[in-house]
Every structure is written in C-alpha cells, then in structure tokens.
Amino acid sequence: MKKWRVLFATFMLTFVAACGNEQAVEFSDSFEAAAESANGSTVNLYMWGGDEGINSYIDDYVAPRLEKSYDVELNRVAMDTAEFIRQLSLDKKADRQVGTIDVVWINGDNFRNAKEAGLLRNGLTERVPNATLLNETAQQSDAGTPTEDLELAWGNVQFILHYDAAKVDNPPKSFEELRRWTEDNPGRFTYPEVTDFTGNAFVRHLLYERYGDELNQNVTIEDSFWDDLKTWSPNLWKEGQTYPKTLEQLDQLYASGDVWMTMGFNERRAEGEVVNGIFPKETRALLLDHSIASTHFLAVPFNAPNPDGALVLIQELLSPEAQLVKQGPEYWGDGTSLDLTKLDANDQNAFEELGDGVTYPNSEQLLERSIPDYGPNVIDTVREEWPRVAK
Amino acid sequence: MLRSSVALTILVSLFPLTALLFLGIEATGTDWGALLTDETWRDSFVTTLYVVSVSTMLSLVFGTWLARTVVKQRWRFTSTILKIPMFVPHIAAAYLFWLLFSGANGFGGIEANERDYVTVILTYIWKEIPFVFLMMLGTYEQLNRGYVETAKTLQLSPYAQFKHAEFPFLIKPLLDSTWILVAFISFAYEVPALLGVTYPKLLGVLAYERLSTGLYLEATAPYAVALIWTCLVGFGVFVSYLMTASLRRRIERGVRR
C-alpha cells in the first residue's frame with residue numbers, strides 16, 4: 001500500500017515539476033549591477049564541441065579568468081548548434097520561461113531560425129561594454145541576416161583549404177583546377193556532406209564560381225550545376241559513394257593520409273593541429289579563386305536562467321586579452337571580431353606581433369579574395385538539392 | 001504489494017501508448033502522399049528493412065545454434081567467451097569495426113562506409129549473437145531431453161528431430177528475441193551513423209538529420225515515419241504472438257487441448 005503511494009506521488013511530482021511556469025529572469029540595469037548579481041553563480045555556455053583547441057581555450061583559458069575576475073563559474077556544454085536551437089524552440093512551444101542555456105555560440109542559418117522563432121534576447125550592445133570595440137561591418141549582418149542586436153560578433157574567419165605539400169606537388173589554384181586535380185589523383189579529395197556547415201560552404205564556393213552575387217537575388221540553381229558536381233564523384237574518396245558526415249571525419253581522413261586535402265572556416269585552424277602532430281608536418285594553406293568570410297556570434301536565449309552571468313561571460317570573451325589569446329596559435333587561431341583601430345596602442349601591437357604561421361595563407365591575397373556569404377536561403381537550397389549528387 | 005505491481009504494470013503499458021500519442025501529435029500536418037512517394041525516405045526504408053532482417057535472422061540462427069551446441073557439448077569456456085560482446089556498448093562496437101574495416105582496402109576485402117551496409121550488419125550480428133545466445137541458453141538447459149530421445153527412438157531424421165522435439169519449445173524465446181532486435185536495430189543511430197553511407201541512410205540516421213538541420217526544423221515527417229514504423233512493428237508483434245498463442249499455451253501447459 002505504502003509503495004503504491006510513493007509510486008503515485010513520484011509520478012505526480014514529475015508532472016508538477018514539468019508544468020511549473022516561472023517568470024523569466026531579466027537582465028540587470030547596468031553592467032556593474034549584472035557583474036554584482038552574477039557573483040558566485042554558474043553560467044552555461046552551449047557550443048559546438050568538435051574541436052579540441054576551441055574546447056581547451058574555453059576550459060583552460062577563459063574559465064579560470066572568469067572565475068578570478070568575476071567569481072563566475074563557467075560550464076561549457078558541447079552540443080550541435082541546430083540541436084540546442086531545437087531545444088530552445090521546444091522550450092518556447094512549452095512556454096518554459098526559465099531554461100538551462102545562458103549563452104549560445106551561433107551563426108548563419110541557425111541564427112536566422114532562432115531569430116525567426118524569437119528565441120534570443122536583444123539589447124546586448126548597450127549592456128556589454130566591450131561591444132563598443134567590435135568591428136561594425138562584422139557586427140551588422142550574419143550571413144545576410146541583420147543581427148539587430150540579438151547577437152554580438154565573437155570571431156571573424158575565412159574559408160580555405162589545406163593540403164599536404166609532401167604529397168601534392170602542384171597544388172591547384174582555382175576550383176576548376178581542383179576538379180582536374182581530383183581526376184589526376186582519384187580518391188584523394190572529398191568534402192563533408194552538405195548537412196555539415198563546412199561541406200555546405202564548399203558547395204557554396206562552387207556556386208559562387210558559376211553565379212557570383214546573382215544567386216542572392218534569385219535562388220534558382222540549374223540542374224546543370226548539380227550534373228557538373230556529380231562528375232566530381234568518381235574521382236572522390238570512396239568514388240563518391242559516401243561522404244564524411246562531419247568536418248571532424250574529413251580532418252581524420254586527412255590526418256591519417258587517406259585524403260590529401262582538408263578545408264574549413266578559419267585560415268589559422270591548421271597551425272595548432274600541425275604543432276600537435278595531428279596534421280602532416282608539410283600542411284600548407286590553399287587559397288583558391290575566392291573565399292567566403294564568415295563571422296560567428298554569441299547570443300543569450302529568451303529563457304536564460306542566468307542572464308547577468310551571460311553578460312559577464314560575453315564581456316570577458318570580447319575583451320582584447322581574451323581575443324588576442326583566441327587568435328594566437330596556442331589554442332584556436334580564430335580571427336578577432338574587434339576593430340583593431342579602436343584598441344589602445346599596446347593591444348594593437350600585441351595583435352600585430354602575433355605574426356604568421358607556416359600554415360597561414362598570404363593575408364593580402366586572403367583579403368583580396370574575400371567574398372560575403374550567401375544568405376540562409378542558399379544554404380537551405382543546397383541542403384535540399386545536393387542529395388541527388390550523393391545518390 | 002499486489003496493488004503496487006498492478007500500478008506498475010499499468011504505468012509500463014501506458015508508456016508505449018503515450019509515445020504513440022506523442023508521435024501522432026507531432027506527425028499531424030504531414031503530407032502523407034508526399035511522404036510515401038519521397039524517394040529519400042523510401043530508399044532509406046528499404047535499406048533499413050534489409051539491414052534489420054538480415055542482422056536479426058543471422059543473429060537468431062547463430063545465437064540459437066551456439067546455445068544448442070554449448071549445452072550439448074558442455075562448453076563452459078565458450079559460453080563465457082560468448083558473453084564478452086554483451087559488455088561492449090554499441091557505439092564502441094561500431095568504432096571497433098570502423099577501425100578494423102576503414103582505411104584504404106578495409107580488412108578481408110570488406111570496407112566500412114559502403115552501400116551494402118555489410119559492416120553495419122556484421123557489427124549488429126557480433127553484438128546481438130550473445131543476446132540471442134543468452135535468451136536461448138536457459139531454454140536449452142531446461143529442455144526436456146525426453147522428447148529428443150523419443151524422436152531418436154522413432155528414427156526421425158536430424159531435421160525432423162529438431163522440428164518436433166526442440167523447435168516448439170524455442171518459439172517463445174525466439175519471438176521475444178526477434179522483436180526486441182527488430183525494434184532496437186530499426187531506429188538505432190550510432191552504428192549506421194558511423195559505418196553507413198551518405199545515401200541511402202538508415203531510418204534512425206535520416207530522421208535525426210531531418211530533425212536537427214535548419215531546413216527541416218519544423219518537419220513532421222520524421223515523426224510520421226517513426227509512427228508508421230512503430231505501427232508496423234506493433235502489428236508484427238501482435239500478429240506473430242496471436243498466431244502462435246495456442247501453440248505456446250500448449251507448450252507451457254504440456255498438454256494438448
């Protein structure tokens with residue numbers, strides 16, 4: 001009898017707990033007030049966790065600093081971006097005003113989706129003092145979607161390829177040459193599936209080669225483009241029968257020497273991998289006709305349980321010191337989102353002294369060939385239509 | 001005591017119904033016509049059906065045969081060895097097989113990530129044989145040898161001996177194992193995600209992809225597919241148990257009625 005009651009009580013409790021509807025926690029009025037109220041709290045940062053360097057930048061560099069300066073504990077949760085956006089939209093549906101996520105790392109179509117669904121808080125610029133240091137162009141738009149103060153730029157990168165110079169004698173100089181190179185070196189090149197952020201970007205580079213800016217006005221990709229892309233297949237890794245599911249898998253294939261090229265956003269990303277002996281020693285940058293520039297951002301969800309902690313964390317992540325270490329080769333190599341002209345002379349010098357790594361591309365050429373990203377509609381169209389290439 | 005077990009029974013049987021209800025709600029608004037003619041889902045469905053049936057059949061055959069042999073020959077040591085894969089999680093097993101079969105030419109001519117899903121099937125067989133083995137071991141240990149002796153005395157062929165003196169007792173554990181395996185393999189994610197291919201994907205992988213990428217965030221189709229598959233499996237369970245009900249009852253009671 002007793003057991004039955006306990007069982008029933010537990011069951012009902014679960015229900016009651018799930019239905020509780022609390023008031024959303026608001027931002028404090030000023031940053032100082034926020035820092036004070038965040039003192040002693042924990043802030044949950046949800047972010048893609050597929051890169052060791054990035055993870056250790058957060059865990060080994062940012063977390064101790066945050067603890068020291070603000071007495072705020074940082075809890076990094078590794079999760080695919082689309083997945084926590086989905087979780088937030090379920091929260092929204094269920095009207096769950098106090099959730100679990102304080103800060104998210106986001107950009108591109110995920111930001112567009114989050115913005116459309118009303119999942120993010122605005123008013124970040126006025127609340128985070130370091131936001132005044134941001135590069136205004138980078139801050140304005142997220143792959144074609146206006147940011148409207150719903151997110152703050154965290155980093156700025158460009159898409160490039162890397163190749164193993166020990167195996168590739170005459171690296172291609174354009175996407176057309178790359179296609180011909182795959183014919184001469186069958187099985188040594190592939191790109192991730194287009195559900196992956198990087199794989200999708202690779203296909204967008206090929207689209208840019210054919211359509212240029214035009215596609216932004218009118219998103220119609222002709223069948224002939226896909227037919228041409230299908231002609232790459234027989235010369236790709238596994239004869240194009242399958243593609244790496246993620247960039248990590250492609251990097252793994254590259255590290256083990258199965259393929260001779262890899263790719264990704266962030267022109268400095270290979271440096272740490274080479275230093276750590278993961279990528280081949282002779283890894284070099286490969287800059288083709290054009291390179292999509294991409295900014296990634298930080299945002300605070302509508303139901304953040306610790307919004308003040310979120311402000312403190314973002315302030316810290318946008319500080320010149322944290323941005324400098326982020327751009328350095330030690331952890332991540334991610335380009336800064338700050339406008340260097342807004343920094344004082346010391347900080348400017350420090351950024352300039354970071355210098356070049358052996359796997360970095362020529363920075364002038366990189367800037368010259370930089371192109372803005374297509375909007376989310378092109379990303380969606382590529383996702384929808386590419387599967388015919390993989391069939 | 002009795003009431004608490006009744007409550008527990010009701011609770012447990014309510015879970016699948018709640019799940020069905022949930023799937024039904026989430027699937028509302030699906031364009032069923034479009035779903036059934038969608039080539040990506042259809043290819044995925046066919047491939048899943050193939051992987052599930054081959055893995056399940058082979059696991060059942062080998063698991064049963066091993067249990068039978070181990071009991072007959074009293075192979076204690078083999079029995080212990082066979083249980084080892086049970087303790088390896090599916091994700092670890094998938095990774096193990098991936099290490100073995102990926103790379104330039106695979107191992108023994110078999111490659112991971114190819115469209116016949118051979119390595120996926122091999123992983124499932126390796127993982128599920130011990131499960132079937134354990135399910136059948138108890139049955140074989142308790143099997144009344146009298147029937148086999150009788151069959152031998154009647155000079156039946158080995159096949160007929162198995163059919164009349166062993167198989168009827170195996171029906172229940174075999175059915176149980178079959179449906180557990182089918183339900184598990186059909187929507188599992190990690191093994192086909194690691195060892196599968198870009199196209200066609202198995203249902204679990206495709207459904208997850210559709211649920212977690214931007215373009216499909218509002219999609220109801222994955223729920224609809226899960227609903228269809230659940231109903232199919234549920235129907236299979238119901239029919240197979242119904243068809244064998246009288247037989248199973250007879251075996252349990254030990255008399256013909």
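User: How are helices and strands defined here, and how many does chain A have?

Analyst: Helices and strands are DSSP runs, with at least four residues for a helix and at least two for a strand. By that count chain A has 18 helices and ten strands. The model is predicted. The predictor gives the complex an ipTM of 0.81 and a pTM of 0.84. Chain B averages a pLDDT of 89, and 95% of its residues score at least 70.

User: What radius of gyration does chain A have, and what would a compact globule have?

Analyst: A compact globule of 391 residues would have a radius of gyration near 21 Å; chain A has 23 Å, which agrees. Along the principal axes, the C-alpha atoms of chain A fill a box of roughly 70 × 60 × 45 Å. Of the 391 residues in chain A, 46% are buried. Among contacts in chain A with a separation of 6 or more, 83% are between residues 24 or more positions apart.

User: Which residues of the largest nonpolar core touch the most other members?

Analyst: A nonpolar core is a set of buried nonpolar residues joined through C-beta atoms within 7 Å. The largest one here has 56 residues, and A:V103, A:L152, A:L298, A:L313 and A:I314 touch the most other members. Helix α3 of chain A, residues 52-70, gives the most to this core, with seven residues. Take A:I314 as a case: leaving aside neighbours within four places in sequence, A:I314 is in contact with A:V103, A:V128, A:L152 and A:L298. There is also a second, separate core of 43 residues, which includes B:L66, B:I129, B:M136 and B:Y223.

User: How do I read the two faces of a strand, and which residues of β7(A) lie on each side?

Analyst: In a regular strand the side chains alternate between the two faces of the sheet. In β7(A), A:M261, A:M263 and A:F265 are on one side, with A:T262 and A:G264 on the other. Both faces are covered, and these residues are all buried. For the strand as a whole, residues 261-265 of chain A, that makes five of five residues buried.

User: Which strand is joined to β7(A), and how do the two run?

Analyst: Strand β6 of chain A, residues 151-164, is joined to β7(A) by five bridges, and the two run antiparallel. To find the register in the viewer, start from A:Y163, which stands opposite A:M261 in β7(A).

User: Where does the backbone depart from the usual values of phi and omega?

Analyst: Most residues other than glycine have a negative phi, and most peptide bonds are trans. A:D71 has a phi near 55 degrees, a positive value in a residue other than glycine. A:D71 sits in the loop between α3 and β2 (73-78) of chain A, and it counts as partly exposed because it has 13 C-beta neighbours inside 10 Å. B:Q155 also has a positive phi, near 60 degrees. The place of B:Q155 is the loop between α7 (145-153) and α8 (158-187) of chain B, where it is exposed, with 8 other C-beta atoms within 10 Å. For the peptide bond, look at B:Y199 and B:P200, which are joined in cis with omega about -5 degrees. B:P200 belongs to the loop between α9 (190-195) and α10 (203-212) of chain B.

User: Why does A:E214 count as exposed?

Analyst: The cut-off for exposed is 12 or fewer other C-beta atoms within 10 Å. A:E214 has 12 such neighbours, so it counts as exposed. This residue lies in the loop between α9 (197-211) and α10 (223-230) of chain A. A:D344 has 8 C-beta neighbours inside 10 Å and therefore counts as exposed. A:D344 is in the loop between α14 (320-327) and α15 (345-353) of chain A.

User: How many residues does each chain give to the contact, and which elements of chain A take part?

Analyst: The size of an interface is often given as the accessible area lost when the parts come together. Here the description is by residues: 26 from chain A and 19 from chain B. On the side of chain A that touches chain B, the elements that give two or more residues are α1 (2-19), α4 (81-93), α5 (108-116), α17 (376-385) and α18 (387-390). Of these, α4(A) gives the most, with four residues. By type, the residues on this side of chain A divide into seven nonpolar, six polar and 13 charged.

Conventions: Residues numbered from 1 in each chain as written. Chains lettered and ligands numbered in written order. Predicted model: local features only at pLDDT ≥ 70, side-chain atom pairs only at ≥ 80, totals over all residues. Contact = placed C-beta atoms within 7 Å. Nonpolar A, V, L, I, M, F, W, Y, C, P; charged D, E, K, R; others polar. pLDDT = per-residue confidence, 0-100. Buried ≥ 20, exposed ≤ 12 C-beta atoms within 10 Å, placed from the backbone. Pairing = 2+ DSSP bridges. Rg over C-alpha atoms; globule rule 2.2 N^0.38 Å.
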